[in-house]
Amino acid sequence: MEALVASAVGVLTAAGVFLILRRRTFPVILGLSLLTYAVNIFLFATGRLALNAPPVLNKYADVPYTDPLPQALVLTAIVISFGMTAVIVMIALSAYLSTKNDHIDMTAHETVDEAGEDA
Amino acid sequence: MSLFLIAALPFLGAVFPALLIRAGRNVAASSAGLTTFLALAGLLIHIPTVMRGELVTAHFDWIPGLGLNAHFMLDGLGLLFASLILGIGLLIILYARFYLTREDPMGQFYSYLLLFQGAMLGIVLSDNILLLLIFWELTSLSSFLLIGYWKHLPEGRQGARMALAVTGSGGLAMIAGMLILGHIVGSYDLSDILQNKELIQSSPLYLPALILILLGCFTKSAQFPFHFWLPHAMAAPTPVSAYLHSATMVKAGLFLMARMWPVLAGTQEWFYIVATTGLLTMLIGAVIALMKDDLKALLAFSTVSHLGLITMLLGFGTEIAAVAAVFHIINHATFKAALFMTAGIVDHEAHTRDIKRLGGLRHLMPVTFTIGTIAALSMAGIPPFNGFLSKEMMLEETVHTVWNNSHYLVPGLALIAALFSAAYSFRFISHVFLGPQRDDYPTTPHDPGAGMWLAPAFLVVLVVAIGLFSKAIVGPLVAIASSAVIGSEDLPYYSLKLWHGFTPALYMSIIAVIGGMFLLGFHGYLERLWNALPRPEAKTIFDAVIGAMTALSRWITDKLHNGVISRYAVIFIAFTVGLGYYAFSTGSIGVPTRIPLPAPIIPIIGWICLVGATLAIMYFHRNRLLSLVLIGVVGLIVSMAFNYLSAPDLALTQISVETVSMILLLLSLNFLPTETPWDSSARRRWRDAAISVVAGLGTGGLIYALMMRDFAFPTISDFHLANSYEGGGGTNVVNVILVDFRGFDTFGEIIVLGIAALVIFSLTEGVLATKVRAYLLNRKPHWPQSGDAHPMMMVVVTRVMMPIALMVGAYIFFRGHNQPGGGFIAGLIVAIAFLMQYMASGFTWAAERQRFYYHATIGWGVLIAAATGLGAWFNNKPFLTSDFGYLHWPPLEEFEWATAMLFDTGVFLAVLGAVMLALESLSRFAWQPGIAQEHAMDINPQREEEDAEETQQEKEA
């Protein structure tokens with residue numbers, strides 16, 4: 001199970017990073033979303049994995065509980081990342097509507113350009 | 001009056017002139033004057049206490065752990081400076097009322113002046129050096145406003161900038177020095193620091209601390225080689241110059257040197273750095289002052305020279321020299337303020353301050369002539385005025401000072417400086433007031449009204465009175481201030497009187513005066529010589545240095561920050577990966593200690609879906625709609641994974657956020673291009689792919705390694721599990737952590753969320769106010785629209801589901817403390833319930849039925865959460881301490897209540913409001929008049945009849 005979670009985190013991170021390195025707003029937003037998943041699962045997994053042990057206290061039986069702290073952190077992280085996504089979506093949208101251009105890179109003084117790249 | 005109030009009064013009072021200027025200039029000036037007067041009165045009340053040798057203090061501990069305390073104290077030195085600041089401030093306020101013209105924004109002037117006054121007062125009253133530093137920087141900032149008050153003058157702006165650059169950077173050095181000093185002593189309170197002379201002077205950090213602190217003092221007090229900002233600050237209105245350069249701003253550096261004198265002075269380093277700098281400054285300032293034709297420039301350099309004189313006296317490190325320094329501070333403040341005001345009057349009346357165009361004013365302006373002459377004679381060191389007394393004391397001290405085995409160097413140079421000082425003072429009198437009356441003044445000057453000459457006249461009376469009856473008038477003040485500087489009650493023997501017999505100092509004075517007259521006689525010749533000599537122009541050098549620094553920082557910024565965001569991202573990610581590799585390769589890792597969980601078939605299927613969808617996004621990411629669908633798949637799998645791995649709260653949150661995010665992204669895709677074009681080269685894509693794979697491998701490997709090992713240190717989670725029920729009154733530990741253990745974090749997070757929503761709202765407002773709005777109104781959609789914008793099935797279903805969804809929200813909310821759920825999730829669910837109405841029935845329909853503003857919802861959420869937290873204060877508990885108990889209402893079962901529930905209500909409202917505000921803002925982009933459906937579910941036959949009737953009526957009309 002750990003291998004599955006870890007590889008999923010790896011794949012999500014790789015995909016997220018690749019999309020963040022694109023040059024248009026929309027793929028970057030997608031990349032950030034994927035990276036958010038990766039980071040949230042990563043944080044969650046720092047509490048180690050457990051099956052059937054939710055951190056909800058049981059008055060009647062002595063059962064194991066998984067680590068509640070990363071869960072609490074990730075819960076707020078999920079909600080905050082929604083707020084962040086919403087803000088960048090709005091910035092991207094406003095920028096595109098105002099300039100009819102969804103490039104994330106400024107071209108005005110793109111002094112250091114990696115040779116022969118831009119279309 | 002409490003020292004807090006005295007220090008705060010100018011700041012509070014600064015509001016009034018700006019507001020009251022509408023009631024007239026007299027009202028604004030009076031409000032400033034009244035504020036200053038009140039503070040002065042409050043200060044004077046303390047005189048008896050201070051004179052008895054007691055300290056007046058006011059303490060307020062802010063963050064004692066960091067040594068950040070608002071401690072104020074008033075001792076002799078503080079009293080001297082505070083009375084100078086407030087007393088001369090009062091005179092300046094009077095003078096400025098008549099000096100400034102109708103075109104000058106006077107309310108602004110007095111507000112700036114009071115701000116500056118408050119900052120200065122803060123410096124001299126602070127008992128905590130960190131507090132002192134804050135006030136120190138405030139003087140730099142507020143003097144910037146004052147010097148640049150005439151915004152239309154380029155010289156004013158440049159002078160202000162130069163003053164800020166020089167004194168501000170000195171202030172930065174001083175911060176470092178003060179921190180070192182506090183580190184040596186272990187306390188940031190002056191009263192502690194001043195007790196630790198041996199500790200400080202024996203510390204290896206003494207010299208760095210000394211140099212850094214002195215840098216601050218020297219820049220502020222315009223000591224060579226930082227003296228150049230002061231003459232350029234003369235572009236300010238004359239009242240500002242008179243205030244800043246006689247009694248306040250430039251005296252701050254002297255004040256600090258005097259303040260620190262007991263612990264810093266007395267060493268070789270102190271003597272050679274401070275005394276030499278002071279001596280050089282005194283000499284250079286005096287020589288340049290004689291060569292200046294601008295009245296204010298002459299006074300500016302004479303100020304530099306006198307500041308050097310006082311610095312030198314403090315640098316000598318002997319107690320008697322410190323007394324002389326204190327005395328000269330008083331004397332200089334009186335005659336220099338009067339001289340600046342005189343220069344201002346001449347400028348005001350004759351419309352020039354060029355000495356070459358003046359002369360012969362004594363008959364035209366007899367009052368000004370009298371005032372100016374007395375003050376200038378005092379500056380020259382002529383008895384019986386006060387300048388003579390302290391200059392005499394200074395010369396006497398130089399005679400006893402040995403500089404590097406030379407007995408003659410210091411007195412010799414001091415004598416030359418005194419000679420030039422006498423010369424420029426005489427020049428001020430003779431070339432402005434004496435000589436033949438001219439007929440080519442820009443305007444014919446005459447004495448101004450009493451309002452303008454009263455203030456300098458008062459000072460000149462002081463100049464004479466202190467000269468004649470020094471012991472009676474300032475004797476006690478000098479004594480008490482000097483003992484504060486020296487740090488002991490036992491003052492050395494000194495006598496403040498005119499006649500000391502035939503001492504070396506008297507001979508030196510006589511030489512200086514006669515020599516000064518002689519020099520003035522040769523002024524024309526000297527001036528030609530001076531102009532023929534090459535000499536460095538400070539402003540050119542300063543501009544070149546600033547220019548070079550600007551160019552350098554622009555170069556660095558352009559290199560690092562050239563607007564290519566994808567480049568920053570590459571740098572950041574590569575650096576992070578590299579850092580991770582470094583940490584991994586240099587650290588060590590233990591053997592795996594945990595047994596991996598089994599992986600049955602269902603999770604493997606989920607894994608395949610997730611990885612497949614992710615890879616597909618990478619492959620198909622140019623098709624934006626498809627990638628959104630795929631990302632939805634990822635989100636769902638993630639929610640399910642949370643659920644499977646014992647995190648029901650996370651699963652609920654993830655799935656509701658997923659829904660909302662998807663709606664948001666779909667809405668936004670409406671306005672963005674549907675496809676991402678190819679615009680990276682193959683080489684670049686390979687590079688990016690390589691970086692991504694490495695980053696993915698690193699992250700995946702790290703978390704795998706982490707999951708396979710147990711905690712290296714005991715975790716604090718056990719505390720939460722153990723105390724959740726007893727301490728927080730809830731069995732859902734995650735929720736209890738959110739609303740109780742880490743309630744303050746959650747409080748911060750809902751504020752952040754609220755701010756994000758408000759940012760989105762204001763962005764929308766901003767964009768829709770531009771021509772984008774027209775574009776949006778005429779926009780053609782990407783895809784053909786469905787024939788029915790509001791399908792009846794969907795409308796009916798959503799409306800039926802609305803109460804159910806709300807019920808679910810309430811259920812999730814109330815069970816949250818004990819079972820998975822809570823404010824975050826309930827807020828999201830209720831938001832989705834509302835969003836469904838927007839989607840099904842349209843924006844207009846939903847907006848018409850909206851009963852409350854989303855902004856207000858966010859606000860109430862944050863306020864309720866804050867109020868819950870504050871409630872703990874009324875029970876003498878720290879912020880956000882929760883309480884709970886059990887209630888039994890007869891028909892119901894016994895149930896539990898907790899204040900955390902109220903806090904969770906705040907969370908709920910803030911989340912609901914934020915989500916709704918974000919999406920509502922976004923959907924406002926989509927609003928077009930054509931598709932606005934007034935009646936989303938148009939099945940009301942009655943309305944059809946009404947419509948028909950209306951059409952009928954219109955036709956008839």
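Let me begin with chain A, where residues 24 or more positions apart account for 54% of the contacts that have a separation of 6 or more. In chain B, among contacts between residues at least 6 apart in sequence, 79% join residues at least 24 apart. Please keep in mind throughout that this is a predicted model. The predictor gives the complex an ipTM of 0.90 and a pTM of 0.70, and for chain B the mean pLDDT is 87, with 97% of the residues reaching 70 or more. As a general caution, where pLDDT is low, the predicted coordinates should not be read in detail.

Now to the make-up of each chain. Chain A has three helices and zero strands, so that, reading from the N terminus, its elements run α-α-α, and of its 119 residues 61% count as buried. Chain B has 41 helices and four strands, and buried residues make up 48% of its 957 residues.

Staying with chain A for a moment, an unreviewed UniProt entry carries the annotation "transmembrane region" for residues 6–21, 28–51 and 71–97. What does the model show over those spans? Residues 6–21 of chain A are 94% helix and 0% strand, with end C-alpha atoms 23 Å apart, while residues 28–51 of chain A are 75% helix and 0% strand, with end C-alpha atoms 34 Å apart.

Helix α3 of chain A, residues 68–99, deserves a closer look, because at 1.5 Å a residue its 32 residues should span 46 Å, and its end C-alpha atoms are indeed 46 Å apart, which agrees. Is this helix buried or exposed? Of the 32 residues of α3(A), 24 are buried, so the helix is largely enclosed by the rest of the structure. Just after α3(A) comes A:Lys100, which takes a positive phi of about 55°.

Let me turn to where the two chains meet. In this model 100 residues of chain B are in contact with 85 residues of chain A. On the chain B side, the largest share, 15 residues, comes from helix α31 of chain B, residues 682–707. Sorted by class, that side of chain B has 63 nonpolar, 28 polar and nine charged residues.

Within chain B, helix α30, residues 648–669, can be checked in the way I checked α3(A). Because its 22 residues at 1.5 Å a residue should span 32 Å, and its end C-alpha atoms are 31 Å apart, the two values agree. This helix, α30(B), is mostly covered, with 16 of its 22 residues buried.

Among the strands of chain B, I would point you to β1, residues 56–63, and β2, residues 68–74, which pair in the antiparallel sense over seven bridges. They form a hairpin with four residues between them, and in the turn B:Gly67 has a positive phi of about 75°. To follow the pairing on screen, you can find B:Val56 opposite B:Leu74 in β2(B), and B:Ala58 opposite B:Phe72 in β2(B).

I would like to finish with some backbone details in the loops of chain B. Most residues other than glycine have a negative phi, and most peptide bonds are trans. Which residues are joined by a cis peptide bond with omega of about 0°? They are B:Phe224 and B:Pro225, and B:Pro225 has its place in the loop between α11 (206–220) and α12 (229–232) of chain B. The peptide bond from B:Pro383 to B:Pro384 is also cis, with omega near 5°, and B:Pro384 sits in the loop between α18 and α19 (386–399) of chain B.

As for positive phi outside glycine, B:His351 has a phi near 60° and is found in the loop between α17 and α18 of chain B, where it counts as partly exposed because it has 13 C-beta neighbours inside 10 Å. B:Asn405, with a phi near 70°, lies in the loop between α19 and α20 (409–430) of chain B. Why does B:Asn405 count as exposed? Because it has 6 other C-beta atoms within 10 Å, and a residue with 12 or fewer is classed as exposed.

The loop that holds B:His351, between α17 and α18 of chain B, also contains B:Arg357, which is partly exposed because 14 other C-beta atoms lie within 10 Å. B:Arg357 and B:Pro442 are 85 residues apart in sequence, while in space they are 8.7 Å apart, C-alpha to C-alpha.

Terms used: Residues are numbered from 1 along each chain as its sequence is written. Chains are lettered from A and ligands numbered from 1 in the order in which they are written. This is a predicted model: local features need pLDDT of at least 70, side-chain atom pairs count only at pLDDT 80 or more; totals for chains, interfaces and linings use all residues. pLDDT is the predictor's confidence in each residue, from 0 to 100. Helices (H or I, at least four residues) and strands (E, at least two) are DSSP runs, numbered from the N terminus. A residue is buried if 20 or more other C-beta atoms lie within 10 Å of its own, exposed if 12 or fewer, and partly exposed in between; C-beta atoms are placed from the backbone. Two residues are in contact if their C-beta atoms, placed from the backbone, lie within 7 Å. Ala, Val, Leu, Ile, Met, Phe, Trp, Tyr, Cys and Pro count as nonpolar, Asp, Glu, Lys and Arg as charged, and the others, Gly among them, as polar. The expected span of a helix is 1.5 Å times one less than its number of residues. UniProt positions are given in the numbering used here, feature names are shortened, and annotations may be inferred rather than shown by experiment. Two strands pair if DSSP finds at least two bridges between them.
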